[in-house]
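Biologist: I am new to this structure. Please show it to me, and then let me ask about its aromatic rings.

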Amino acid sequence: MTETTVDNTTDDRTAVEFWFDPNCPWAWMTSRWVGEVEQARPLDVTWRVMSLFVLNEDQDVSDSYKERLQAGQVYPRIVTAALLRHGQDIVKPLYDALGEHIHHRQEDDPEQVVPAVLEELGLEADLLEYAWTDEVDQAVRASHEDGIDRVGQDVGTPVIAVEGTAFFGPVISPAPKGQQALDLWDGVVAAARYPGFFELKRSRTVGPIFDTTD
């Protein structure tokens, strides 16, 4: 029996903003869920960069972890550089391509990942220079702070805002599909819209489960 997707929403467009760090597998999971919902609901999603390095730079974390986060700035930088040059329409395709390499293929060398992704998308090779310099860091921070200002400091990535109501997460694995994706969307958005709702949490029992096909 084929599962029937129930959709009681109107055709009104819903404005959604999604802040992500391309390094984060949990943000990647959540982005796949939002993409699934977007196929059935009239969402206008704006994809925005945040930074795990900026998020943790004043936190009490190990030097090795901080160094890893700093090295990971390559990815928020390259997305931001492409955004500044080409506009918002390039952000989601670039995020999708980076996620394919970073999370699905488990490639961990940005010196190989970034040039490969730029070539795949037909983007200029000179964008590479922005990945390993701090030239776009101010823009990365501004985007990051815009998201964090919506939800406060005690969060991670991703941050989502729906018609101005912002929340951290949800942290999910694997990304639901079909009616489950829509049900989760409705529940999360409904909870977030209640002014007195702040937190709902349980310990993770699985890691990121990627929907990877060979």
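Modeller: Here are short questions and answers on the aromatic rings. This is a predicted model: local features need pLDDT of at least 70, side-chain atom pairs count only at pLDDT 80 or more, and totals for chains, interfaces and linings use all residues. Residues are numbered from 1 along each chain as its sequence is written, and side-chain values use heavy atoms, with hydrogens and water left out.

Biologist: How many aromatic pairs are there?

Modeller: Rings of Phe, Tyr and Trp (its six-membered ring) pair if their centres lie within 6.5 Å. By this rule, the aromatic pairs number five.

Biologist: What kind of aromatic pair do Trp28 and Tyr95 form?

Modeller: Planes under 30 degrees apart count as stacked, over 60 as edge-to-face and the rest as tilted. The centres of Trp28 and Tyr95 are 5.3 Å apart. Their planes stand at 85 degrees, and the pair is edge-to-face.

Biologist: Is Tyr95 buried or exposed?

Modeller: Buried means under 20% relative accessible area, exposed over 50%, partly exposed in between (1.4 Å probe, protein chains only). Tyr95 has 0% relative accessibility, so Tyr95 is buried.

Biologist: What kind of pair do Trp47 and Tyr95 form?

Modeller: The ring centres of Trp47 and Tyr95 lie 6.2 Å apart. Their planes are at 55 degrees, so this pair is tilted.

Biologist: Which residue has its charged end over the ring of Trp47?

Modeller: A charge sits over a ring if NZ of Lys or CZ of Arg is within 6 Å of the ring centre and within 35 degrees of the ring normal. Here the charged end is 5.1 Å from the centre of the Trp47 ring, and it belongs to Lys92.
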